[in-house]
Amino acid sequence: MLEKLLEFIPDSNGEQQQLLGLMRKGRLSLAEAKEKYPDWYERRIVKKERRGHWTVKRDLYDWWLHRIADEIRVGHRFYGIMTLAIYAKKCGIDEDELRHDAFALLKPYDDMSVEDINRFTKDDVVCALEMFNEDYVTFPRDDIAKISGLSMPVNKRNWRKQAEHLRRARAVQMVDYPNFEWAGRPSAQDRVYEWRQQNPEGRKADCHRDTGLDPKTIRKWWNCPPPAACPG
């Protein structure tokens with residue numbers, strides 16, 4: 001089913017093969033996975049380690065939903081919903097909400113069709129929603145920009161304008177630290193956490209470039225928000 005639907009997606013730069021490879025990777029048998037990805041098998045199956053990824057605030061999901069509703073073009077509609085599913089998983093969005101939002105795009109997407117061969121159908125939506133899976137939350141930002149046909153800014157500060165972001169940050173600081181305790185030098189853990197909040201799609205290399213922190217320190221705190229940032 002998946003392979004058949006991908007035949008109708010333009011593939012001028014190898015996007016079909018890339019997506020198919022990613023999806024098939026998640027469907028390997030355990031025996032195949034053990035042979036092909038021994039390190040992964042040791043960590044996830046033998047040691048039962050959980051997949052580590054950073055949950056981003058829903059601002060990213062809402063921002064992307066509005067973009068694919070307003071800016072998507074024929075040739076990218078499937079990818080628009082596919083990447084929405086990726087961001088839904090990344091932002092902790094409930095699957096029912098994702099499905100509601102995705103199917104709400106069905107009619108406007110189909111209305112863009114200029115001929116019968118490129119009609120946008122329910123099957124297209126169902127297929128695209130298969131990307132609602134933890135295996136795809138690290139799908140590269142540059143690849144999302146390429147397949148969706150939409151530009152991806154590197155630093156949108158949680159997808160709000162900078163002034164609003166700073167206003168919110170200062171308000172939180174005054175509530176949590178009324179005596180200005182935050183004015184002291186933040187720990188490396190705090191600095192990594194704050195950078196990740198401002199750059200939800202950023203890489204460790206980007207964090208090193210922006211903060212000057214040692215790469216080993218960044219790796220140590222990459223998936224460890226400080227205690228004050230954890231839910232009570």
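Relative accessible area sorts residues into three classes, taken with a 1.4 Å probe on protein chains only: buried means under 20%, exposed means over 50%, and partly exposed lies in between. The structure is a predicted model, in which local features need pLDDT of at least 70 and side-chain atom pairs count only at pLDDT 80 or more, while totals for chains, interfaces and linings use all residues. Residues are numbered from 1 along each chain as its sequence is written, and side-chain values use heavy atoms, with hydrogens and water left out.

**View 1. The salt bridge between R119 and D110.** A salt bridge is counted here when a side-chain nitrogen of Lys or Arg lies within 4 Å of a carboxyl oxygen of Asp or Glu. The side chains of R119 and D110 meet this rule, with N and O 2.6 Å apart. R119 is partly exposed at 43% relative accessibility, whereas D110 counts as buried at 16%. Elsewhere, R203, D206, R209 and D210 are joined into one network by salt bridges that share partners. By this rule the count comes to 10 salt bridges.

**View 2. The salt bridge between R58 and E97.** The elements named in these legends are DSSP runs numbered from the N terminus, with helices (H or I) of at least four residues and strands (E) of at least two. The side chains of R58 and E97 form a salt bridge of 2.7 Å from N to O. Because R58 lies in the loop between α4 (38-46) and α5 while E97 belongs to helix α7, the pair ties together parts that are 39 residues apart in sequence. R58 is partly exposed, with a relative accessible area of 34%, and E97 is also partly exposed, with 29%.

**View 3. Helix α5 and what covers it.** The expected span of a helix is 1.5 Å times one less than its number of residues. For the 12 residues of helix α5 (residues 59-70) this gives 16 Å, and the end C-alpha atoms are 17 Å apart, which agrees. Within α5, the residues L60, Y61, W63, W64, L65, R67 and I68 are buried. Contact means heavy atoms within 4.5 Å, and what covers these buried residues includes α6 (77-91), α7 (95-104), α8 (106-111) and α10 (141-148). R67 is buried, with a relative accessible area of 9%, and R67 forms a salt bridge with E71, their closest N and O atoms being 2.9 Å apart. E71 counts as partly exposed at 33% relative accessibility.

**View 4. Helix α6 and its surroundings.** The 15 residues of α6 should span 21 Å, and the end C-alpha atoms are indeed 21 Å apart. Of these 15 residues, 14 are buried, so α6 is largely enclosed by the rest of the structure. After α6 comes G92, whose phi is positive, near 75°. The C-alpha atoms of M82 and E130 are separated by 7.7 Å, although the two residues are 48 residues apart along the chain. E130 is placed in the loop between α9 and α10, and E130 counts as partly exposed at 33% relative accessibility.

**View 5. The largest nonpolar core.** A nonpolar core is a set of buried Ala, Val, Leu, Ile, Met, Phe, Trp, Tyr and Cys residues joined through side-chain atoms within 4.5 Å. In soluble globular proteins, nonpolar side chains tend to be buried together. The largest core here has 37 residues, of which Y61, W64, I68, I81, M82 and L98 touch the most other members. At least two residues of this core come from each of α5, α6, α7, α9 (122-128) and α10, and α6 gives the most, with 10 residues. Leaving out residues up to four places away in sequence, Y61 touches L84, Y87, A88, C91, I93, E97, L98 and D101. Apart from this core lies another, of six residues, among them V192, W195, L213 and I218.

**View 6. Confidence along the chain.** The predictor's confidence in each residue is given as pLDDT, from 0 to 100. The protein chain averages a pLDDT of 76, and 63% of the residues score at least 70. Among its elements, helix α1 (residues 2-6) has the lowest mean pLDDT, 48, and α7 has the highest, 96. Over residues 8-17 the pLDDT is below 50, and this stretch has 15 contacts in the model beyond near neighbours in sequence. Over residues 178-184 pLDDT stays under 50 as well, and the model has five contacts for them beyond four places in sequence.
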